[in-house]
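Visitor: I am new to this structure and would like a close look at one part of it. Could you take me slowly through the place where the ligands are held, and then through the strands and loops that belong to the surrounding picture?

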Amino acid sequence: MNNSVIDIKNLKVQYGDNTVLHNVSASIPKNKITVILGGSGCGKTTLIKSVLKLHHPTSGSINIFGNETINLSDEDFVPYLKEVGMLFQNGALLNSISVADNVAIPLEQHTNLPKPIIDRIIRVKLELVNLSHAIHLFPSELSGGMKKRAALSRAIALDPKILFCDEPSAGLDPITSENLDNLIIKLKNQLNMTIVIVTHELASIHRIADEIIFLDKGYVLYQGTLNDAKKARIPELNRFFSVGTY
Amino acid sequence: MSININMKDKTISFKGSLTFENVNTYYEKLNKSKIKDINIIDLQNLELIDSSGIALIDNIIHNSVSNTTLNNVPKQIQDAIHTFSSKNISLSPPVPKTRPLEKAGELVYNAMLDLKSFVFLTSEIVILSITGIFNRKGQRKGSILQQCLLLGVDSVGIISLLSFILGFILALQSAAQLRQFGANIFVADLLAISMVREMGPMMTAIIVAGRSGSSIASEIATMKVTEEIDALKTMAINPVQYIMVPKFIAITVCMPLLVTISVSVGIIGGLTIAVTYLDLSVASFFHQLFSTLTIKDEIIGLSKSFFFAWNIVLVACFYGLKVEGGAEGVGIVTTKSVVAAIFGVIIFDAIFSLFYMI
Ligand SMILES: Nc1ncnc2c1ncn2[C@@H]1O[C@H](COP(=O)(O)OP(=O)(O)O)[C@@H](O)[C@H]1O
Ligand SMILES: [Mg+2]
């Protein structure tokens, strides 16, 4: 039995003539936390956006839940998107509505849950990221780290099967960052989520990573478990673990 | 997947899954059963739960008159409930309501504050613009020229096109009437007076307000929300001088030129009607035109153009700086700035008309 929820094969992605991903093959194992590593600007965000069809790859194949999705129309891709949560690098909260309303968007649009239940879910999801006090505030009234956390609670509002987090801990203090990691582990264990995280925090990687995908110059240099990653003889990867931050 | 409501024992038991797909159905079933009091929720046969299921359980417990206990909870579900329960999260305080009188007072107070900051901003921009002519320090090199291109040159096309059409329409509308009386030649008088004194400056001002005023307001507002203005301040640079003064100078230079273009092209628009429909010769048209126009008309038209320009740029800068919140605030102040600028243009025009009535 195939145990991965996403399979990427020979993916090539360009912005105009600039090839960002040359030949990427990787798989995201089910109910595991996969960390995508790589230098700033190496195409981590681009890889996630390609999987979510926010950017159209030049060639290659992307398989989600066993189905080829790369040629699906936007409309046919909607059912997949409903199973996915995405935390964008800069949060991407809707600025014109409050934090609570932001978290409510997926709940109100994709379920027919009654109001009291939705209210409870909003409160829980905000409490999980320690933002209960900010429930009525607007995004412009939040700090960078708070925006990120509010965006995370919007991403997990519907208990997605797959959660993508683009640098969730950038801009957070170490304690909040650790709390966030604990939350991510709970999401995996208690709600059976599959989680894909882009992060540079070594401490965080040690706490949460089951699987590592190491990107460099548009290629996957390594995919495997965290323990094997440290033993692997790949200079770029070794340097990453010895320096700490890229 | 099922729910079992036992009224006698005051027990609810869930079986299978309790997730986004079925929580709504169960919620309605419970509401219909009108059961107020629940002692036990049995989860022995529950295999899958998510946040909506946990919220449903919390809701049942919250609404139950007597205490409710959870029975036979499987381990993983127990953990999930522990993490995702909303039981111990206090309801956040509601947003306080303001009273109408308070609100009215606040409006007046804010209007006074706005007036004050508008006057301050205006005086700062005007003073710095005058001193800026002699001392270029504090402005970016080439910024005035760049702003002239952006605010002035780029609008020449649209202003010419619309002025031509305007002159054309003015002449056409009056031509039929003038022909009845054999007063064909007076179309030149009509065009001269109306384009120079009214339509030219007004038309130009409205286009510039919509085009350049909105771009100034949104540019400054964006700079403010993205902290660029703060960044300039920390570099010990006066943002008013650095950003707004070049715009003020540029628009002061460009506006009279744009009005002149508008008037000329508008008259040419009228001339086409005069020649083709009213059988006038070009020479007699211009002869009549220049004999009607006085220096006073020219002065009125051009002095209007300065006031309109200053009104547009100052209002745009003021609203740009007034932005609140994030990106959504930019749109709001841009709209307000354009509306206020056009309003201001028309008020100024009325004042001028009263002033030069004789
Ligand atoms: N919208 C875009 N248009 C053109 N180039 C882009 C765009 N977004 C990203 N890039 C380029 O793609 C490369 C990878 O970007 P990104 O995936 O955001 O990197 P990161 O690994 O830091 O997330 C960068 O070199 C960047 O210049
Ligand atoms: Mg990125």
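Guide: What follows is a walk that starts at the metal ion, passes to its neighbouring ligand, and then takes in strands and loops of both chains.

Please keep in mind throughout that this is a predicted model, and that the values quoted here are computed from it.

Let us begin with the magnesium ion, ligand 2, whose protein donors are A:Thr45, through its atom OG1, and A:Gln89, through its atom OE1, lying 2.0 to 2.5 Å from the ion. A:Thr45 belongs to helix H1 (residues 44–51) of chain A, while A:Gln89 sits in the loop between strand E6 (84–87) and helix H3 (99–110) of that chain, so the two donors tie together parts that are 44 residues apart in sequence. As for their surroundings, A:Thr45 has a relative accessible area of 21% and is partly exposed because buried means under 20%. A:Gln89, at 37% relative accessibility, also counts as partly exposed.

A:Thr45 leads us on to ligand 1, since a polar side-chain atom of A:Thr45 lies 2.5 Å from an oxygen atom of that ligand. The protein covers 57% of the 550 Å² of accessible area that ligand 1 has on its own. Around ligand 1 we find A:Tyr15 and A:Val20, together with A:Gly39, A:Ser40, A:Gly41, A:Cys42, A:Gly43, A:Lys44, A:Thr45 and A:Thr46. By character, this shell divides into three nonpolar residues, six polar ones and one charged one, and its largest share, three residues, comes from helix H1 of chain A. The backbone takes part as well: a backbone N or O atom of A:Gly41 lies 2.7 Å from an oxygen atom of ligand 1, and for A:Gly43 a backbone N or O atom lies 3.0 Å from an oxygen atom of the ligand.

From here we can return to the loop between E6 and H3 of chain A, where A:Gly91 is also found. With a relative accessibility of 1%, A:Gly91 counts as buried. The C-alpha atom of A:Gly91 is separated by 4.9 Å from that of A:Lys148, although the two residues are 57 residues apart along the chain. In strand E6 of chain A, A:Val84 and A:Met86 point one way and A:Gly85 and A:Leu87 the other way, and all of them are buried. This strand runs parallel to strand E7 (residues 162–166) of chain A, to which four bridges join it, and A:Val84 stands opposite A:Ile162 in E7.

Chain A has further strands to consider. Strand E1 (residues 4–15) of chain A runs antiparallel to strand E2 (residues 18–29) of chain A, and eight bridges join them. These strands form a hairpin with two residues between them, and in its turn A:Gly16 has a positive phi of about 60°. E1 of chain A also pairs in the antiparallel sense with strand E4 (residues 59–64) of chain A, over five bridges. A:Asp7 shows both pairings, for its bridge partner in E2 of chain A is A:Ser27, and its bridge partner in E4 of chain A is A:Asn63.

Turning to chain B, we meet another hairpin, formed by strands E1 and E2 of chain B with four residues between them, where B:Lys10 in the turn has a positive phi of about 55°. Strand E1 (residues 2–6) of chain B pairs with E2 of chain B in the antiparallel sense over five bridges, and B:Ile5 stands opposite B:Ile12 in E2 of chain B. Of the eight residues of strand E2 (residues 11–18) of chain B, six are buried, so this strand is largely enclosed by the rest of the structure. Seven bridges join E2 of chain B to strand E3 (residues 40–49) of chain B, and these two run parallel, with B:Leu18 standing opposite B:Ile49 in E3 of chain B.

Two further residues of chain B complete the walk. B:Val65 is found in the loop between helix H2 (51–63) and strand E4 (69–71) of chain B, and, with a relative accessible area of 65%, B:Val65 is exposed. B:Ile267, by contrast, is found in helix H9 (residues 239–276) of chain B, and is buried, with a relative accessible area of 7%.

Notes
Residues numbered from 1 in each chain as written. Chains lettered and ligands numbered in written order. Predicted model: local features only at pLDDT ≥ 70, side-chain atom pairs only at ≥ 80, totals over all residues. Heavy atoms only, no water. Donors = N, O, S within 2.8 Å, 3.2 Å for Na, K, Ca; no water. Buried < 20%, exposed > 50% of the residue type's maximum accessible area, 1.4 Å probe, protein only. Near = heavy atom within 4 Å. Polar contact = N/O pair within 3.5 Å; in protein donor to acceptor, adjacent residues only side chain to side chain. Areas by Shrake-Rupley, 256 points an atom, 1.4 Å probe, with all protein chains shown as cover. Nonpolar A, V, L, I, M, F, W, Y, C, P; charged D, E, K, R; others polar. Pairing = 2+ DSSP bridges.
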